[in-house]
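The following paragraphs go through one protein chain, from its overall make-up to its cores and then to single residues. Please keep the sequence and the coordinates open while reading.

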Amino acid sequence: MSTPPPPNPYTQPQYPQYPQQGYAPQPQYQQPYPGTGGPAYGWGAPPPPPPKKNQGPKIALITMASIAGLLAVSWFGNNVVSGGSSSSGSGSFPPAEYQLTLPETLLDGKYKLADDQSDKGQAGLAGTSEANIRDAKAAVGQYLSTSESGVLVISGGYGRIKDPDEARTKILKGAGESDGSTIAVPAEDFTPAGSEVTITCQVLTTEQTGGGTSTLPMCAWADDNTSAAVALTNVQIAKQTPEEVDLKAVAEATLKVREATRKPIG
């Protein structure tokens, strides 16, 4: 009786074949990038690109920021310092005791400083009249909030202001006269609870690129040393009618901005 030959050690073992159920075969070689001949990510085809996230709120936010930024640079330089009324010709200028600063965050950390445009604002002060303010320095900043899809712009400055009421009136009037802007709700004075500071607020409608308008509320304050306008809006407010805007709430937010930005000199 003959002895069977020993098994070939190089023969692959045979396993039972099961039908594939929805699984694609795995490639057994490294694929190059299309058209390059270079290696791909490890083995197999390169992974697909990640899906694009919804850009709707971000785009709307950038649009509003652009509108507010367009208004910001001109408010202080062109309107607060551009001359005084006859009433501002008498009296003396107050001492410089307070300055306007731009902290990294505002309104309990919800808004973060995205663009400091103070240098542009300062350049706009060159050659302006000193009938109502002396030693003027600009403070212009744009803040963004991702949690509220909102934008806050503070545009103003500090120095020695002879007539704060006139400064507050002019800074709002100038914003309403900017290209593409219309005053939809006239200026109204507010005195938030616990404060003696007058905050004046109005609502603008601004023309959007591509058509349509956007609602933009803003408030302003002025004292012996500081004067600023604050524009505060988000995706929801921008879509409201001007009459629907809660100006009292914007005035209260503006007071908080004043408390955070107005600091003693030195």
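Leu-107 is a convenient place to enter this predicted model. The residue sits in the loop between strand 2 (105-106) and strand 3 (111-116). Its phi is near 55°, a positive value in a residue other than glycine. Despite the loop position, Leu-107 counts as buried because its relative accessible area is 16%, below the 20% cut-off.

The wider setting is a chain with 5 helices and 10 strands. Of its 266 residues, 42% are buried. The exposed surface of the chain comes to about 15,600 Å², and carbon and sulfur atoms supply 53% of that area. Contacts between residues at least 6 apart in sequence are in large part long-range: 67% of them join residues at least 24 apart.

In soluble globular proteins, nonpolar side chains tend to be buried together. Here the largest nonpolar core has 29 residues, and the members that touch the most others are Leu-107, Leu-152, Ile-154 and Trp-221. At least two residues of this core come from each of strand 4, strand 5, strand 6 (181-190), strand 7 (199-207), strand 8 (213-222), strand 9 (226-234) and helix 5 (247-261). Helix 5 gives the largest share, 6 residues. A second, separate core contains 11 residues, including Leu-172, Ala-220, Ala-229 and Ala-231.

What does Leu-152 touch, leaving aside residues up to four places away in sequence? Its partners include Leu-106, Leu-107 and Tyr-111, then Gly-141, Gln-142 and Tyr-143. Further along the chain, Val-230, Ala-231, Leu-232 and Val-257 are also touched by Leu-152. Leu-107, the loop residue of the opening, is thus a contact of Leu-152.

Ala-231, another of these contacts, lies in strand 9. With a relative accessible area of 1%, Ala-231 is buried. Along the chain Ala-231 and Ile-154 are 77 residues apart, yet their C-alpha atoms are separated by 6.6 Å. Ala-231 is listed in the second core, whereas Ile-154 belongs to the largest one.

A second residue with positive phi closes the tour. Ser-149 is found in the loop between strand 4 (133-145) and strand 5 (150-161). Its phi is about 45°, although Ser-149 is not a glycine. Is Ser-149 buried or exposed? Ser-149 is buried, because its relative accessible area is 18%, again under the 20% limit.

Definitions and conventions
Residues numbered from 1 in each chain as written. Predicted model: local features only at pLDDT ≥ 70, side-chain atom pairs only at ≥ 80, totals over all residues. Heavy atoms only, no water. Helix = DSSP H or I, 4+ residues; strand = E, 2+ residues; numbered from the N terminus. Buried < 20%, exposed > 50% of the residue type's maximum accessible area, 1.4 Å probe, protein only. Contact = heavy atoms within 4.5 Å. Areas by Shrake-Rupley, 256 points an atom, 1.4 Å probe, with all protein chains shown as cover. Core = buried A, V, L, I, M, F, W, Y, C linked by side-chain atoms within 4.5 Å.
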